[in-house]
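Reader: Please take one part of this model and go through it closely. I would like the cut-offs behind each term as it comes up, and one connected account rather than a list.

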Amino acid sequence: MNDPVNSFLTEQDKRFIEERIREAEKTTSGEIVVKVVASSDGYPAAGLLGSSMFSLALAIAAMLVAGSRDMWLFLMLFGVLFILLNELFKRVSMLKRPFVSAADMHEEVEQAAAAAFYRRGIYDTAERTGILIYISVFEHRVRVIADKGISAKVEHHLWQEIVDTIITGIRQKRQGAAIADAVKRCGRILSQYFPIKSGDRNELSDSIIMGRSFPS
């Protein structure tokens with residue numbers, strides 16, 4: 001199976017975004033981190049629900065075609081189908097999406113983004129000027145988290161503009177360029193309030209973080 005994260009951005013996209021991060025940080029003491037994950041949660045309940053529903057429907061259809069009312073045969077068919085389909089749902093995560101509510105996806109992305117913000121030490125810059133652009137592919141969601149040094153000065157609606165820029169780019173199949181534009185915009189915002197200072201050092205890596213947030 002193709003890795004949805006590696007399919008989301010090409011190597012050229014990654015290099016382009018990382019160059020934009022370096023350029024943006026030449027004008028500000030702020031730190032910009034981009035993280036892209038396949039999914040913010042494994043959603044095991046959705047996999048069980050989906051495989052159960054499909055197994056039930058297929059088992060009933062098979063019994064109707066066979067013209068049988070044998071309950072033991074039905075249970076055997078259902079059990080075999082459930083095992084096979086459950087494995088398929090585990091391997092093809094996008095099959096789970098119709099069985100996950102928007103509220104659940106929102107909650108998982110919020111939690112995973114916050115965890116990444118702290119786990120990656122973005123909160124621990126000298127002037128509390130770290131910012132995380134978090135993109136979760138499965139949920140089709142983007143979250144921007146700014147540390148309290150930034151939040152005290154920058155209006156929240158500006159971060160929503162960053163989110164909208166990336167989401168629009170994803171819909172247009174130009175996610176690499178959209179993320180690069182978002183990074184550039186972040187750099188301009190940060191440079192207004194936190195211009196580069198003499199002796200400034202790069203506190204966080206400029207490399208895009210790729211992977212998934214939930215435990216294996």
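Author: The protein chain contains eight helices and four strands, where helices (H or I, at least four residues) and strands (E, at least two) are DSSP runs numbered from the N terminus. The model is predicted, with local features needing pLDDT of at least 70 and side-chain atom pairs counting only at pLDDT 80 or more, while totals for chains, interfaces and linings use all residues. Residues are numbered from 1 along each chain as its sequence is written, and side-chain values use heavy atoms, with hydrogens and water left out.

In sequence order, the elements of the protein chain read α-α-β-α-α-α-β-β-α-α-α-β. The part to look at is the sheet, together with the helices placed against it. Its four strands form an open sheet in the order β3-β2-β1-β4, with mixed pairing; two strands pair if DSSP finds at least two bridges between them. The edges are taken by β3 (141-146) and β4 (209-211), each with a single partner strand, so one side of each has no neighbour in the sheet. From one strand to the next the twist averages 15 degrees; here and below, angles run from 0 to 180 degrees between N-to-C directions, and axes are lines fitted to C-alpha atoms, for helices over the stretch in contact.

Strands of a sheet pair through backbone hydrogen bonds, either parallel or antiparallel. At one edge, β1 (residues 31-37) and β4 are parallel and share three bridges. One residue pair is Lys-35 with its bridge partner Ile-209 in β4. Helix α5 (residues 102-119) packs on the sheet, where it touches β1, β2 (130-136) and β3, and its direction makes about 40 degrees with that of β3; contact means heavy atoms within 4.5 Å.

The pairing of β2 with β3 is antiparallel and has six bridges. Within it, Ile-131 stands opposite Ala-146 in β3. The two strands form a hairpin with four residues between them. His-140 lies in the loop between β2 and β3, and its phi is near 60 degrees, a positive value in a residue other than glycine.

Helix α8 also meets the sheet: α8 lies across β1 and β2 and runs at about 155 degrees to β1. Two helices that pack against α8 extend the picture.

The axes of α2 (residues 11-25) and α8 come within 9 Å and cross at roughly 5 degrees. That makes α2 roughly parallel to α8, on a scale where angles under 35 degrees count as roughly parallel, over 145 as roughly antiparallel, 65 to 115 as roughly perpendicular and the rest as oblique. On the α2 side the contact is made by Asp-13, Phe-16, Ile-17, Arg-20, Ile-21 and Ala-24, and on the α8 side by Gly-176, Ala-177, Ile-179, Ala-180, Val-183, Lys-184 and Gly-187. These residues divide into eight nonpolar, two polar and three charged; Ala, Val, Leu, Ile, Met, Phe, Trp, Tyr, Cys and Pro count as nonpolar, Asp, Glu, Lys and Arg as charged, and the others, Gly among them, as polar.

The second helix is α7 (residues 156-171), which packs on α8 (residues 175-193) at about 165 degrees, with the axes 7 Å apart. α7 and α8 are therefore roughly antiparallel. Their crossing is right-handed, the term for a near helix turned clockwise from the far one by less than a right angle, anticlockwise being left-handed. The α7 residues in the contact are Leu-158, Trp-159, Glu-161, Ile-162, Thr-165, Ile-166, Gly-169 and Ile-170, and those of α8 are Gln-175, Ala-178, Ile-179, Asp-181, Ala-182, Arg-185, Cys-186 and Ile-189. By class, ten are nonpolar, three polar and three charged. Lys-173 sits in the loop between α7 and α8; this residue has a positive phi of about 65 degrees although it is not a glycine.

As for the overall form, the protein chain has a radius of gyration of 22 Å, whereas a compact globule of 216 residues would have one near 17 Å; the radius is taken over C-alpha atoms, and the globule rule is 2.2 Å times the number of residues to the power 0.38. The C-alpha trace spans about 80 × 30 × 25 Å along its principal axes.
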